[in-house]
Structures are given as structure tokens and as C-alpha cells.
Amino acid sequence: MIQYSLNCDKGHHYDAWFRNAAAFDEQQARGIVSCAICGSDKISKAPMAPAVARTDQQKISLSSSHPEAAKFRELLRAYRQKVMSEADYVGDKFAEEARKIHFEEAEARGIYGEATRDEVVALAEEGIEFMPLPDLPEEHN
């Protein structure tokens, strides 16, 4: 699965999940990708990046009051645990290893690690698929 940040021609921004990059391209070509807000079918992908550690103190929007929030957090925790238990940790070599896999210079396998903002932008511009690994606080009893 791949999550894309999408924009419509009316200026709306939203996220959508697709089986893979080809699925997005195929669905868009068939005209079935539409804005989740206004229904426009003039959609483009927005630049995307995995989670990168922030060094500033800028506030971000959060919500914990949605009725399904706890269930969603648990699904994200399970996803993170599955990746971490089944993929290879490559540390700060993520961008380098992702390129090697993409260009078939290394064995195809799941990897996770860290990347700088510049590395993230470069990977996206090169068309290399990746997803941010959710970083969630532990449950407090």
C-alpha cells in the first residue's frame, strides 16, 4: 500500500491510499480518482516525505477525540511493529539502500531507517516509493 497526498484543481488537499503507484496511475487514467472534498477529477500528487525528526517547535494538528482514534492508533502500532520485525533496519543509510533496491543493485527487501529532509525530497523526485513509519507514543494506563 502507498499513501499519496493529493491536490485538486480547486485547491483542496487530502490523502488517499492505493495498492501501489501503478494502481494510482491506472485509476487516474480511468477518471475514477476524485477529490474527497469537492469531487473534482482534476487531481495531482503533492510532494511527499516520510517522517523526519523535527528540530523546530512548530505546532501540528492532532486529534484524539474521534470515536475510532484508539482503534486507528492500535492499527498503526501493529503496522510499525510488523515492519520493524520483518524489515531490515538500515539506519541513516535508508536513502542509499532504497536507491540500490529501486535500481536493482541490491536484493529487493523491506527496509526501514532514517533520512534527512533533502534525502526524502530527492527520493520522491526520483520516483522511489517509500512510506513514513508511524511514530506513536506508548499507551499510558
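The exercises below, each with a worked solution, concern a predicted model of a protein chain.

**Exercise 1. Overall architecture**

Determine how many helices and strands the protein chain has, and in which pattern they follow one another along the sequence.

Solution. Counting the elements gives four helices and five strands in the protein chain. Reading these along the sequence then gives the pattern β-β-α-β-α-β-α-β-α. As a next step one may turn to burial, where 26% of the 141 residues of the protein chain count as buried. Finally, among the contacts in the protein chain with a separation of 6 or more, 51% are accounted for by residues 24 or more positions apart.

**Exercise 2. The sheet of S1, S2 and S3**

Work out in which order the three strands stand in the open sheet, and in which sense they pair.

Solution. Begin with the hairpin of S1 and S2, in which four residues lie between the strands and Gly 11 takes a positive phi near 90°. S1 and S2 pair in the antiparallel sense, over six bridges, and within this pairing Tyr 4 stands opposite Ala 16 in S2, while Asn 7 stands opposite His 13 in S2.

The next step is the pairing of S1 with S3, which is made by three bridges and is likewise antiparallel. Here Asn 7 stands opposite Ser 44 in S3, and Cys 8 has Ile 43 of S3 as its bridge partner. Asn 7 therefore appears in both pairings, facing His 13 in S2 and Ser 44 in S3, as the definition of pairing through bridges allows.

Putting the pairings together gives an open, antiparallel sheet of three strands in the order S2-S1-S3. S2 and S3 (43-45) stand at its edges with a single partner strand each, so one side of each of them has no neighbour in the sheet. Neighbouring strands of this sheet are turned against each other by 40° on average, direction ignored.

**Exercise 3. Burial along S1 and S2**

Decide which side chains of S2 point to the buried face, and whether Ser 5 in S1 is buried or exposed.

Solution. In S2 (residues 13-18) the side chains alternate, with Tyr 14, Ala 16 and Phe 18 pointing to one face, where they are buried, and His 13, Asp 15 and Trp 17 pointing to the other, where they are not. S1, for its part, is mostly covered, as five of its seven residues are buried.

Ser 5 is found in S1, which spans residues 2-8. Its relative accessible area is 16%, and because buried means under 20%, Ser 5 counts as buried. The side chain of Ser 5 is joined to that of Asp 15 by a polar contact of 2.9 Å, and Asp 15 belongs to the residues of S2 that are not buried.

**Exercise 4. The packing of H3 and H4**

Describe how the axes of H3 and H4 are placed relative to each other, and which residues meet between the two helices.

Solution. Two packed helices are described by the angle between their axes and the distance between the axes. The axes of H3 (residues 94-102) and H4 (residues 117-125) come within 10 Å and cross at roughly 15°. Because angles under 35 degrees count as roughly parallel, H3 and H4 are roughly parallel to each other. The crossing of H3 and H4 is left-handed.

For the residues that meet, H3 contributes Phe 94, Ala 95, Ala 98 and Arg 99, whereas H4 contributes Glu 119, Ala 122 and Leu 123.

**Exercise 5. Two acidic residues**

Establish whether Glu 97 and Asp 118 are buried or exposed.

Solution. Glu 97 is found in H3 and is buried, with a relative accessible area of 15%. Its neighbours within four places in sequence left aside, Glu 97 is in contact with Val 90, Arg 109 and Ile 111.

Asp 118 lies in H4, and because its relative accessibility is 64%, it counts as exposed. The C-alpha atom of Asp 118 is separated by 10.0 Å from that of Ala 95, a residue 23 residues apart along the chain, and Ala 95 is one of the H3 residues that meet H4.

Terms used
Residues numbered from 1 in each chain as written. Predicted model: local features only at pLDDT ≥ 70, side-chain atom pairs only at ≥ 80, totals over all residues. Heavy atoms only, no water. Buried < 20%, exposed > 50% of the residue type's maximum accessible area, 1.4 Å probe, protein only. Polar contact = N/O pair within 3.5 Å; in protein donor to acceptor, adjacent residues only side chain to side chain. Pairing = 2+ DSSP bridges. Axes fitted to C-alpha atoms, helices over the stretch in contact; angles between N-to-C directions. Parallel < 35°, antiparallel > 145°, perpendicular 65-115°, else oblique. Left-handed = near helix turned anticlockwise from the far one by under 90°. Contact = heavy atoms within 4.5 Å.
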